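Student: I'd like to go through this one with you, starting broad and then zooming in. Can we put it on screen?

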Amino acid sequence: MIHNKKQLTQAEKTIEELRKKIAGLGTVLPESLELLQKVAWEKRMNDLDKEIAEFNFLKQQSVLTFSSENLEKLIMSLRIAAGFTQKKLAEAIEVKEQQIQRYEQTQYLTASFDRIIQILKKLSEDFELKIFLKKNVRRNTFSNIRKLYPNIHQIQDEVKKRHGLFI
């Protein structure tokens, strides 16, 4: 993930350098090695393109949604979307910029809970954190159905007989 404009600029330069290298492939290496090199460089360019697109997307957002799969990107993404640089965030919470860089390198695993709350408050005057817990779907489904349809006990009894389910 790209964290700042410096990394964005470096990623763009790297893509341009890789394009030049691909264009320069010719007779230096055996054909099979050149093909492997080209595939590797194209893969790296593709990865960088995705990171650049993600960074630019975040800069334009006002509402972000996270799940357990991308939770580690939460604070960095909020910082970018809020228009904060690492330096501006550091100044806002009165730490050195290098501390923010360290936090982001470790995906904020080294930051205390208090520090994370402080950062979240600085990044957004109005933020809402919702946490949805996974529940046992089978048990809750029958409980909900039972509330909606009080006479469903006959179906429930039949399901128990046929499938041995305990509800």
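Student: What percentage of the 167 residues of the chain count as buried?

Tutor: Keep in mind that this is a predicted model. A residue counts as buried when its relative accessible area is under 20%. Of the 167 residues here, the share that passes that cut is 25%.

Student: How many helices and how many strands are there in the chain?

Tutor: Reading from the N terminus on, the elements run α-α-α-α-α-α-α-α. That pattern fits the count, which is eight helices and zero strands.

Student: How much of the area that the chain exposes do carbon and sulfur atoms supply?

Tutor: Start from the total, since the share refers to that: the chain exposes about 12800 Å². Of this area, carbon and sulfur atoms supply 54%.

Student: Which residues make the nonpolar surface patch of about 280 Å²?

Tutor: To join a patch, a residue needs over 30% relative accessible area. Leu33, in helix α2 (residues 31-59), has 42% and is partly exposed. The patch of about 280 Å² is made by Leu29, Leu33 and Leu36.

Student: Now for His3. Is His3 buried or exposed?

Tutor: His3 is placed in the segment before α1 (5-24). Its relative accessibility is 12%, and the cut-off for buried is under 20%. So His3 counts as buried.

Student: Which residues does His3 touch, leaving out those up to four places away in sequence?

Tutor: Here a contact means heavy atoms within 4.5 Å. With the sequence neighbours up to four places away not counted, the list for His3 is Phe55, Met76, Arg79, Ile80, Gln86 and Glu104.

Student: With the side chain of which residue does the side chain of His3 make a polar contact?

Tutor: Don't mix this up with the backbone partner: the backbone oxygen of Met1 lies 3.4 Å from a polar atom of the His3 side chain. The side-chain to side-chain contact is at 3.5 Å, and the partner is Glu104.

Student: What separates the C-alpha atoms of Gln105 and His3?

Tutor: Gln105 sits in helix α5 (residues 97-105) and counts as exposed at 64% relative accessibility, whereas His3 is buried at 12%. Along the chain the two are 102 residues apart. In space, their C-alpha atoms are separated by 9.3 Å.

Student: And among contacts between residues at least 6 apart in sequence, what percentage join residues at least 24 apart?

Tutor: The base set is the contacts in the chain between residues at least 6 apart in sequence. The share of these that join residues at least 24 apart is 50%.

Note on methods
Residues are numbered from 1 along each chain as its sequence is written. This is a predicted model: local features need pLDDT of at least 70, side-chain atom pairs count only at pLDDT 80 or more; totals for chains, interfaces and linings use all residues. Side-chain values use heavy atoms; hydrogens and water are left out. Patches are made of residues with over 30% relative accessible area and no salt bridge: like charges are joined within 9 Å, nonpolar side chains (Val, Leu, Ile, Met, Phe, Trp, Tyr) within 5 Å. Accessible areas come from the Shrake-Rupley method with a 1.4 Å probe; for residues, only the protein chains shown count as cover. A salt bridge is a side-chain nitrogen of Lys or Arg within 4 Å of a carboxyl oxygen of Asp or Glu. Helices (H or I, at least four residues) and strands (E, at least two) are DSSP runs, numbered from the N terminus. Buried means under 20% relative accessible area, exposed over 50%, partly exposed in between (1.4 Å probe, protein chains only). A polar contact is a pair of N or O atoms within 3.5 Å; within protein, one must be able to donate a hydrogen and the other to accept it, and residues adjacent in sequence count only if both atoms are side-chain atoms.
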